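Biologist: Hi! Could you walk me through this structure before I head back to the bench?
Modeller: Happy to. Let's put it up and go topic by topic.

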Amino acid sequence: MKWTSQSAGMAEGITRRKSKASGFCYVADCVLAILLLKKDRIIDAEAGPRKARVMYLDLDLHFSDGVSQAFYSPGGASNEPQVLTFSIHHTSPGFFPVSQLSSLSDCSHHSFDPFTLSLPLARGASDPTFARIWESVESIKNAFRPDYVVVQCGVDGLAGDPYAVWNWSLGSSEGSLSWCLSRILHVWQCKTLLVGGGGYNHPNAARAWTHLPSLALRKPLPMTADIPDHPAFPLYAPSFTLDVPPGHSKDLNTDAYLSEVETRFAEIADIICRVLGNDEVVSCSSELNA
């Protein structure tokens, strides 16, 4: 298998279920990509040949029910885990999709699987909230030590989306979508596959999926870049630039909740290290402002 360091295909990557149709796509493209990647063999300088590890990170507003269920092992029964799924999403009563796996991961629960992880965020999730949880995301990544990362770049959490749930921005501030993807692409040092996801404000989705490949190519387009003239140009009012600024609704993710997130994922990172036989988690926290 020949890979460049980053690959991007922004066709929608909303996930499908094993036994029935769900959502908007008829093919479980994310699952198929992971199944292909996990076939690779890695030459580990310390441990010798081993199977590839694949981390799936879902940034869509909706829970990654199809992918999470595909690799879920109740009670963490897998002896040689190759796939870790991590979904950051919104959940509330009746919000699609309804799944028992969409609540905050709890290592004390009898069905807990340390390789099927869930981090729900309340309404108003903002750049500062994403910046705060990102150290937990990176602690999981460093514990698992993936060879490949598949990122579902859903943009329905950006401000201005018709779902109107989060305040997330596209821009370059700490915690923005651009900031998170830049860290994955240029700090994590993993081969990375970017796929699309939800996004129902069409001009904002076009903005995001124009900007994200430019990050992968290390030729980032500035947020002040003008939208070129084309038949849909009026839809990009009022700014007519690339940026999607943050929203202004109240961020309901409290300090107490985010502290609980930090505590739980620190425990989960330790569990992953023990399962995989890693001695320690190499922290990226000192690099978060890089």
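**Chat about the model**

Modeller: One thing up front: Gln189, with a phi near 60°, has a positive value although it is a residue other than glycine. Keep in mind that this is a predicted model.

Biologist: Where is Gln189 found?
Modeller: Gln189 sits in the loop between α4 (177–186) and β8 (191–196).

Biologist: Is Gln189 buried or exposed?
Modeller: Gln189 is exposed, and its relative accessible area is 74%.

Biologist: Which other residue has a positive phi although it is not a glycine?
Modeller: Phe240 does, at about 55°. Phe240 is in the loop between α5 and α6, and with 25% relative accessibility it counts as partly exposed.

Biologist: Why do you bother pointing these out?
Modeller: Because most residues other than glycine have a negative phi, and most peptide bonds are trans.

Biologist: OK, peptide bonds then. Which bond to Pro97 is cis?
Modeller: The bond from Phe96 to Pro97 is cis, with omega near -10°. Pro97 belongs to the loop between β5 (83–89) and β6 (116–120).

Biologist: And what joins Ala237 and Pro238?
Modeller: A cis peptide bond, with omega about 5°. Pro238 is placed in the loop between α5 (202–216) and α6 (255–276). Phe240 lies in the loop between α5 and α6 too.

Biologist: Let's go inside. How many residues are in the largest nonpolar core?
Modeller: There are 57, and Phe86, Ile88 and Trp134 touch the most other members. The elements that give two or more residues to this core are β4 (54–58), β5, β6, α3 (127–144), β7 (148–153), α4, α5 and α6.

Biologist: Which of them gives the most to this core?
Modeller: Helix α6, with nine residues. Another core lies apart from this one; it has 16 residues, including Cys30, Val31, Phe71 and Val83.

Biologist: You mentioned a cysteine. How many disulfides are there in the whole structure?
Modeller: A search of the whole structure finds zero.

Biologist: Why doesn't Cys153 have a bond?
Modeller: Because its sulfur is 9.8 Å from the closest cysteine sulfur, in Cys30, which is too far for a bond. A pair of cysteine sulfur atoms has to be within 2.5 Å to count as a disulfide.

Biologist: Are Cys153 and Cys190 buried or exposed?
Modeller: Cys153 is buried, with a relative accessible area of 0%. Cys190 is buried as well, with a relative accessible area of 9%.

Biologist: New topic: pockets. How much space lies in the largest pocket?
Modeller: About 340 Å³. It is lined by 14 residues, and the closest to its centre are Asp44, Glu46, Ala47, Arg145 and Asn278. Strand β2 (residues 41–44) gives the most to that lining, with three residues.

Biologist: How do the residues of that lining in the largest pocket divide?
Modeller: Into five nonpolar, two polar and seven charged.

Biologist: And the second largest pocket, what's its space?
Modeller: About 290 Å³. Of its 13 lining residues, Gln100, Leu101, Ser103, His109 and Ser111 are the closest to the centre. By class, the lining of the second largest pocket has four nonpolar, seven polar and two charged residues.

Biologist: How many cavities of 30 Å³ or more does the structure hold?
Modeller: Two. The second largest has a volume of about 30 Å³, and its lining includes Val155, Leu158, Asp161 and Tyr200. By class, that lining has five nonpolar, four polar and one charged residues.

Biologist: Last one: how many aromatic pairs do you count?
Modeller: The count comes to 10. In one of them, Phe95 and Tyr163 meet edge-to-face, 5.9 Å centre to centre with 70° between the planes. This pair links distant parts of the chain: Phe95 is in the loop between β5 and β6, Tyr163 in the loop between β7 and α4, and they are 68 residues apart. Phe95 is buried, at 11% relative accessible area, whereas Tyr163, at 34%, counts as partly exposed.

Biologist: What about Phe130 and Trp166?
Modeller: That pair is edge-to-face as well, 5.4 Å centre to centre and 75° between the planes. Phe130 is in helix α3 and Trp166 in the loop between β7 and α4, 36 residues apart. Both Phe130 and Trp166 are buried.

Biologist: Which residues form one aromatic cluster with Phe95?
Modeller: Tyr163 and Tyr200. Tyr200 is also one of the residues lining the second largest cavity.

Conventions. Residues numbered from 1 in each chain as written. Predicted model: local features only at pLDDT ≥ 70, side-chain atom pairs only at ≥ 80, totals over all residues. Heavy atoms only, no water. Helix = DSSP H or I, 4+ residues; strand = E, 2+ residues; numbered from the N terminus. Buried < 20%, exposed > 50% of the residue type's maximum accessible area, 1.4 Å probe, protein only. Core = buried A, V, L, I, M, F, W, Y, C linked by side-chain atoms within 4.5 Å. 1 Å grid on protein atoms, 1.4 Å probe; cavity = no way out; pocket = protein on both sides within 12 Å on 5 of 7 lines; lining within 4 Å. Points joined across faces, edges and corners; volume = space filled by probe spheres on them. Nonpolar A, V, L, I, M, F, W, Y, C, P; charged D, E, K, R; others polar. Phe/Tyr/Trp six-rings, centres within 6.5 Å; stacked < 30°, edge-to-face > 60°.
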